[in-house]
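Here's a quick walk through this model, from the overall layout to the strand pairing, the core and a couple of backbone oddities. Have a look at the structure first.

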Amino acid sequence: MKKFILASLTAAMFALPVLAQQAPASAGLTDGEVKKVDKENKKITLKHAEIKNIDMPPMTMVFTVKDATILDKVQAGDKVRFKAENVGGTLIVTEINPAK
Ligand SMILES: [Cu+2]
């Protein structure tokens, strides 16, 4: 029995780094809710959860989007998953998808 537990622990220790490496792929997306869409000015107002990759706490704010066409998929009131990046000091939403 002791041997079995040891083997399981060892297996778990080897498995953990693999899980940790897989996390960042989906961690790049942040949960948010659309407050306002402004296609003309390529802006979107989002109430967002913590954005880990740019070290930002939860808040409601205006983002510039990389491309106005990504705003076609969303409208005010939608729950979304989005990706924000800091490009030369400007926060840009590069990807946004309705949350399922
Ligand atoms: Cu913010």
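The protein chain holds one helix and five strands. Reading from the N terminus, the order is α-β-β-β-β-β. Keep in mind that this is a predicted model. Its mean pLDDT is 85, with 73% of the residues in the protein chain at 70 or more. One stretch to treat with caution is residues 21-25, where pLDDT stays under 50. For that stretch the model has zero contacts beyond four places in sequence.

**How the strands pair**

Here's the pairing, with one facing pair of residues picked out for each of the rows that follow.

| Strands | Sense | Bridges | A facing pair |
|---|---|---|---|
| Strand 1 (residues 30-38) and strand 2 | antiparallel | six bridges | K36 and T45 |
| Strand 1 (residues 30-38) and strand 4 | antiparallel | four bridges | T30 and F82 |
| Strand 4 (residues 79-87) and strand 5 | antiparallel | eight bridges | F82 and I96 |
| Strand 3 (residues 59-65) and strand 5 (residues 90-98) | parallel | two bridges | T64 and I92 |

You can follow F82 across the sheet: F82 stands opposite T30 on one side of the pairing, and F82 also stands opposite I96 in strand 5. Strand 4 itself is joined antiparallel to strand 1 and to strand 5.

Two of these pairings are hairpins. Strand 1 and strand 2 have four residues between them, while strand 4 and strand 5 have two. Both turns contain a residue with a positive phi of about 55 degrees: K42 in the turn between strand 1 and strand 2, and G88 in the turn between strand 4 and strand 5.

As for range, take the contacts in the protein chain between residues at least 6 apart in sequence: 46% of them join residues at least 24 apart.

**What sits in the core**

Buried residues account for 15% of the 100 residues in the protein chain. Which residues make up the largest nonpolar core? There are twelve in all: V34, I44, L46, I51, F63, V65, V74, V80, F82, A84, V93 and I96. Strand 2 (43-48), strand 3, strand 4 and strand 5 are the elements giving two or more residues to this core. Strand 4 gives the most, with three residues. In soluble globular proteins, nonpolar side chains tend to be buried together.

V80 is a nice core residue to click on. Leaving out residues up to four places away in sequence, V80 touches G32, V34, V74, I96, N97, P98 and A99. Of these partners, V34, V74 and I96 belong to the core too.

**Two positive phi values outside glycine**

Most residues other than glycine have a negative phi. Where do K42 and D55 lie? K42 is found in the loop between strand 1 and strand 2, and D55 lies in the loop between strand 2 and strand 3. Phi of K42 is near 55 degrees, and D55 has a positive phi of about 55 degrees although it is not a glycine.

Is D55 buried or exposed? D55 is exposed, because just 8 other C-beta atoms lie within 10 Å and the cut-off for exposed is 12 or fewer. K42 has 17 other C-beta atoms within 10 Å, so K42 counts as partly exposed.

Notes
Residues are numbered from 1 along each chain as its sequence is written. This is a predicted model: local features need pLDDT of at least 70, side-chain atom pairs count only at pLDDT 80 or more; totals for chains, interfaces and linings use all residues. pLDDT is the predictor's confidence in each residue, from 0 to 100. Two residues are in contact if their C-beta atoms, placed from the backbone, lie within 7 Å. Two strands pair if DSSP finds at least two bridges between them. A residue is buried if 20 or more other C-beta atoms lie within 10 Å of its own, exposed if 12 or fewer, and partly exposed in between; C-beta atoms are placed from the backbone. A nonpolar core is a set of buried Ala, Val, Leu, Ile, Met, Phe, Trp, Tyr and Cys residues joined through C-beta atoms within 7 Å.
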